[in-house]
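Student: Could you pick one part of this model and take me through it closely, with the cut-offs spelled out as you go? I'd like one connected story rather than a list.

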Amino acid sequence: MRKVITATVLTAGLLTSCVSKKKYVELEGQLNDTRSTLQKTQVEKEEIEEKYARIEERVADYNSKINSLRTENEGMMEMNDLTVMSKKTKEKMKSTIAKIDPEKVKGAETLEDSINLAVSYNLKQNISEGADADDIDINVDETVVMINVSDKLLFGSGSYRVTKEAQPLLKKLAEVINSEPAMEVMIEGHTDDRTMVKESYLQDNWDLSVRRATSIVRILQDKYNVEPSKLIAAGRSSYQPLVDNTNKDNMAKNRRTRIVIIPNLDKFFAMLESDGTMADTE
């Protein structure tokens, strides 16, 4: 009887040992898989961080150029009291001002304000043909032109694929950019603060904003022959909202693409052309 008990105990011990070893091997495999996945994720994270660092470096350089151009053009305007404008350009400016809403004209306190208003008006008339006027907003700050385009004109909801309806706008924009060899343009993607749907092909709003900017840059380059060295694609995610993301209307305002153009002073005055085209000042 004692021998039977002893044999049973030994058998149970062997079975326990076998099961434990099998479980150990399984857990060890899972650990190695986890380590491999973690290493891959770390590499991807470093690549993404490096990519964004390069983008931020280009954006910083571009912003530096903007500030430099503002200072240069502002100094030229002050030094010449805007006499650098030809008589013909001044006449075109007056003609344009006459077409603008009088309430907006009242807000122009200086001649520089009036020029900025006229440039904004003419540029909007030039590039927004066929588009809803509310989808495009243009501001000028010391000869730096900033064009905000709503996402409903450019993209489907949560998508970075450019719509067919946006092509006329991008074609006109390309004509403006191509009108001056030295002109540089930054395309900025902006989103609202809603999080991405789980298991989406987009990682987050950073991903969406960068992809949207890149999509527009590619079309300008590949379809409308804009020199790629003149273009910068940047994503701002949801961190530079125009208004608080407290309701649907505000979120729609924040979902936009901002196009920043820094023309030289001659080309800036050329934007005063009232016939809807850029003048050739070369």
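Tutor: Burial first: with a 1.4 Å probe and protein chains only, a residue is buried under 20% relative accessible area, exposed over 50%, and partly exposed in between. By that rule, 40% of the chain's 282 residues are buried. Keep in mind that this is a predicted model, where local features need pLDDT of at least 70 and side-chain atom pairs count only at pLDDT 80 or more, while totals for chains, interfaces and linings use all residues. Residues are numbered from 1 along each chain as its sequence is written, and side-chain values use heavy atoms, leaving out hydrogens and water.

Helices (H or I, at least four residues) and strands (E, at least two) are DSSP runs, numbered from the N terminus. You get nine helices and five strands here, in the order α-α-α-α-β-β-α-α-β-α-β-α-β-α. Contact means heavy atoms within 4.5 Å. Taking contacts between residues at least 6 apart in sequence, 69% join residues at least 24 apart.

The part I'd zoom in on is helix α4, residues 111–127. A good way in is V119, which sits in this helix and is buried, at 0% relative accessible area. Not counting residues up to four places away in sequence, V119 touches V140, F268, M271 and L272. Its C-alpha is also 8.7 Å from that of A270, 151 residues away along the sequence.

Now for the helix partners. Axes are lines fitted to C-alpha atoms, for helices over the stretch in contact, and the angles run from 0 to 180 degrees between N-to-C directions. Under 35 degrees counts as roughly parallel, over 145 as roughly antiparallel, 65 to 115 as roughly perpendicular, and the rest as oblique. The axis of α4 comes within 9 Å of that of α2 (residues 87–97), crossing at roughly 70°, so these two helices are roughly perpendicular. On the α2 side the contact uses M93, T96 and I97, and on the α4 side L111, S114, I115, L117, A118, Y121 and N122. For the chemistry, Ala, Val, Leu, Ile, Met, Phe, Trp, Tyr, Cys and Pro count as nonpolar, Asp, Glu, Lys and Arg as charged, and the others, Gly among them, as polar. The α2–α4 contact splits into seven nonpolar, three polar and no charged residues.

Helix α6 also meets α4: their axes come within 8 Å and cross at roughly 130°, so this pair is oblique. Here α4 offers L123, N126 and I127, facing L169, K172, L173 and V176 of α6. That contact comes out as five nonpolar, one polar and one charged.

Follow the chain past α4 and you reach A131, in the loop leading to β1 (136–141). A131 is partly exposed, at 25% relative accessibility. Leaving aside neighbours within four places in sequence, A131 is in contact with I136 and L153. The C-alpha atoms of A131 and P168 are 8.6 Å apart, with their positions 37 residues apart along the chain.

One aromatic detail belongs to the loop just before α6. Rings of Phe, Tyr and Trp (its six-membered ring) pair if their centres lie within 6.5 Å; planes under 30 degrees apart count as stacked, over 60 as edge-to-face and the rest as tilted. Searching the whole structure turns up two aromatic pairs. In one of them, the rings of Y160 and Y201 are 6.1 Å apart at their centres with planes at 55°, so the pair is tilted. Y160 is in the loop between α5 (151–154) and α6 (167–178) and Y201 in the loop between β3 (184–190) and α7 (205–222), so the pair ties together parts 41 residues apart in sequence. Y201 itself is exposed, at 51%. Y160 also has R161 over its face, 5.8 Å from the ring centre; that label requires NZ of Lys or CZ of Arg within 6 Å of the centre and within 35 degrees of the ring normal.
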